[in-house]
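Please open the structure in a viewer and keep the selection tool at hand. The stops below are meant to be visited in order.

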Amino acid sequence: MRIFDPHIHMTSRTTDDYEAMHAAGVRALVEPAFWLGQPRTSPASFFDYFDSLLGWEPFRAAQYGIAHHCTIALNPKEANDPRCAPVLDELPRYLVKDQVVAVGEIGYDSMTPAEDTALAAQLQLAADHELPALVHTPHRDKLAGLRRTLDVVRESALPPGRVLVDHLNETTVKEAKDSGCWLGFSVYPDTKMDEERMVAILRAHGPEQVLVNSAADWGRSDPLKTRRVGELMLAEGFTEDEVDRVLWRNPVAFYGLSGRLNLALAATEATHEGNSILRGGA
Amino acid sequence: MTRPHTAWDTPAADTEGTTPARTSPAALHDHLRAHLDGAARAWLDQALDEAAAHPGIRGPISVWELRLAEAGRRCGPEHADAARVLILHTARAGTDAVTRVYYQGTAAERRSVLHALPHLVDGPGALPLVEDALRTNDTSVVAAAVGPYAARHLSPHLWRHAVLKCLFTGVPVAEVADLERRAHADAELARMLADYAAERTAAGRPVPEDLYRVLTLCDPTATPPARTAEHGTRGTDGKES
């Protein structure tokens, strides 16, 4: 089973996790920029975080044979802090980088005017940089949040086919699917979705444009939930092709819209990456 | 910044090698012309024309810096280092420009800046970038940092620590430019290597094979530390924490 985790915060995870993920079949992942447990108070700490998503974290992932890409954005929660809002002005220089495959996570947290501004501005940035967008839907007041999100997407320059709305559940899947957006589901030990409900949603709504992620981070979460969903799909009668579609081909298709996905990485020796050109580079 | 020119601060004799740092820009260009496909070659030609025509900053970011960022997806990761070095060279990037590009760059872009330094910066003004790279834990960045520019300008103390870091993290010492000249008769480096070998041996761990190679360069007459039965090519796991 080959697995592409389309949403996981590896910055918060250990090398044991990378090892277990590789053993479970994870060969690629996308790490979206998001908030941390501790709020940031200045743009500089965002820039160090973004640089880490473009430097250290891909190096760590490569040591375990996993291709690492990221999405870059000012997240909605911290968009409410005027000390952090200037991050928006610096995003263009990050959005041109090779490993950036979407703008994200953007969206709503508390649905404030500052979040409206940040969401609209960053959907425009995605259109300007020919990138798709990863849109987080809020935990509180979720259905209203989804509707407001879809309204802003419709008013933006970005077609719904280039937008992934994430953290969906039974109450939001239908409207999200009708919008034409890609559909993301986060499978958690306690909150969001679980494996059984995920498989039921796949049965009811089909695997088209569905992405399943672990969204593992610094909270209670499990980086192997993608694998668990694949196993349960097989046990419940889905075919291996359908599992591959949900856990590999759909995320490849969505993030491939960026034109920047590079899945060539196998288990190459990390220490030899610095001297590629005339040594087997051709 | 200014640093005193001392014995180590001399041009390196070694100009041949395997990295973009040790290959002339003209040879890099020939190599890319021979290996890039049509679309990538056309993209590179245009990127170099732009860099030659508009080397300075226009607006918030110069065109050649945008080209630098996208070189990986345009030329393929295996050709990105060479393409980026060529763009930097064509844009005639000086110390200020390479410093900005380095600090705003991904790991791949930082590597290309380090490779480009010997082609672009004559004096020691870009040494802070090398020192920054030697503080990282990304071995591909460390390997790029110990090229000809470091060989010319890095102080003896920092250069010795760079060699030791290579042994510690598994970067082959073949990456260290001008190793023979700088290691020659370096009694302090020989002492550090012997101590490191003793530490590994005391812990029951293999001594990197490269250590003996460097030790021989420091002092051809030295009695090498007793070798354990097992030999490794690297330290434990490259972990420096």
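The tour begins with confidence and then moves through the strands.

This is a predicted model, in which local features need pLDDT of at least 70 and side-chain atom pairs count only at pLDDT 80 or more, whereas totals for chains, interfaces and linings use all residues. Residues are numbered from 1 along each chain as its sequence is written, and chains are lettered from A and ligands numbered from 1 in the order in which they are written.

Colour chain A by pLDDT (the predictor's confidence in each residue, from 0 to 100): the average is 92, and 94% of the residues score at least 70.

Next, select strand β3 (residues 67-72) of chain A; strands are DSSP runs of E of at least two residues, and helices runs of H or I of at least four, numbered from the N terminus. Six of its six residues are buried, so β3(A) is largely enclosed by the rest of the structure. Buried denotes 20 or more other C-beta atoms, placed from the backbone, within 10 Å of a residue's own. Ala67(A), His69(A) and Thr71(A) point one way, and His68(A), Cys70(A) and Ile72(A) the other.

Add strand β2 (residues 26-32) of chain A, which pairs with β3(A) in the parallel sense over five bridges; pairing requires at least two DSSP bridges. Here Val30(A) has His69(A) as its bridge partner. Strand β4 (residues 100-107) of chain A is also parallel to β3(A), with three bridges, and Val103(A) stands opposite Ile72(A).

Finally, select strand β6 (residues 163-166) of chain A, where Val163(A) and Val165(A) on one side and Leu164(A) and Asp166(A) on the other are all buried. Four bridges join β6(A) to the parallel strand β5 (residues 133-136) of chain A.

Note on methods. Buried ≥ 20, exposed ≤ 12 C-beta atoms within 10 Å, placed from the backbone.
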